[in-house]
Amino acid sequence: METENNPPPPFAPAAAPIAQSAAAVAIMTTTSTAGTTSARRRSVRSRQGRKRRRIAAEEVGGWASLPGDIVRLVAERVLIAGDVVDYITLRAACSDWRASTDSPLLGGHHYLRPRGWVALCDGDAVRPDDARQVAFFKPATGRRLGVRLRDLAGYRVVAISSGLLVLLHKRYNTVRVLHPFFNRAILLELPNMAPTLRVLGTNRYSLLRMNAAVLTTPTSATTSTIDAVVAWFPGPWFLFAKPGDAAWDAVTLDLEIQSVLAFRGRLYATTNTSTNILQVYPRTNKNTFAVDTPIPDALGEPSLCRYFLVESDGRMLLAVRHYVTITTPTAHLRAAFKVFEVDLDRRRLEPVGGIGDRALILGTDRCLSVSVRDLPSISGNSVYCFSRYGVECFSLEGGSADVLLFAALGSAGPFTIADHLVTYCNHVQW
């Protein structure tokens, strides 16, 4: 009865929840205030960031905001006057420039040509394929560039041709053509060479002395397309394969090859017993194409001479190492060089009295012509050749050649530029 006479106050049980709700509202209010403060801070930071970027753009003169057509025009000039490396550097300057220019990866077997780069031997007894890095040098400008290449894993560098790296897989004997200045730019994959070598009666140990050339066709002033890869070994065999081939084909010559040159999409070679320059690829009905290049009798017996093919300023030159008789103070033989320009259209040799400010670097694996304008340690109008004495330098002044110096190649650096270039032309040492 007492309970009935004194009923509980209205809404009394709801008092505690109301108090809890008030606390929750207070928390929500505090959170909302903190969120608003945080948003204001983010807004301030965003405005400050935009201001800093605007000030930075004003400080650099607004180069990042150049119109796309002007950026493309500058990029085209850079490619023609400079090199593909300069083009890549331009595209890496900012995102707007990269978006305004074409990707250097053209697709398929089409690529931007690197021009005038050679590989350096660092003298640390580590092969480039083991270090997965190649040091490149451009004699025309004196620029040096170290390039890390992840695609060297499991491969060996066997040649540098047309600005590209030719790689041979150490286990499966497959061949890969790689652009050195693009990340993972594999331009061509070719099949295993071992089956073709077995048919020829040789073994895989011949691959240790393998050399190769990439034959290309220019498609513009700055681009080329790969036509074929030709490989050769100590012996009379040339192997070649084109993009898409399932196996390597072979050409057999019953001659000992001395010098090989890829020139205008064709492969030419000289021998130790012939006075003709042979076209090895593309093949004709007789497998080879003899260019009529009579060597003057004054140079002596062909078997005693050595013939080097080299491209210089768009011309094919033939440098002949021969011997002349010196009568004073006592009669003896001395090595000398004679240089000819090869006229492929008329199939004859034209004597060259001098090569101006250029120097010829001659080797057993490749030959090189460089301008000495930016290489003060290299003598112009000269021929550098590797022999058992070291590096021999011959001057072409007066139409004849004289030995100027001997510099032995050491096993550790520092090397001279001449040592580096001669080593590049003898890739077995490199």
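Strand β22, residues 367-371, first. This is a predicted model. Five of the five residues of β22 are buried, so the strand is largely enclosed by the rest of the structure.

Look at the two sides of β22. C367, S369 and S371 point one way. L368 and V370 point the other way. Residues on both sides are buried. In general, side chains in a regular strand alternate between the two faces of the sheet.

Now the partner. Which way do β21 and β22 run? Antiparallel. Strand β21 covers residues 358-362, and five bridges join β21 to β22. For register, take R358: R358 stands opposite S371 in β22. The two strands form a hairpin, with four residues between them.

Back to C367, and on to the cysteines. How many disulfides does the model hold? The count comes to zero. Take C385. C385 is in no disulfide. For C385, the nearest cysteine sulfur is that of C367, 8.3 Å away. C385 is buried too, at 4% relative accessible area.

Next, C425. Why is there no bond from C425 to C367? The sulfur of C425 is 6.2 Å from that of C367, its closest cysteine sulfur, and that is too far for a bond. The cut-off here is within 2.5 Å. C425 also counts as buried, with a relative accessibility of 0%.

To sum up. β22 is a strand with five of five residues buried. β22 pairs antiparallel with β21, in a hairpin. C367 points the way of S369 and S371. The sulfur of C367 is the closest cysteine sulfur to that of C425, and the disulfide count stays at zero.

How values were computed:
Residues numbered from 1 in each chain as written. Predicted model: local features only at pLDDT ≥ 70, side-chain atom pairs only at ≥ 80, totals over all residues. Heavy atoms only, no water. Buried < 20%, exposed > 50% of the residue type's maximum accessible area, 1.4 Å probe, protein only. Pairing = 2+ DSSP bridges.
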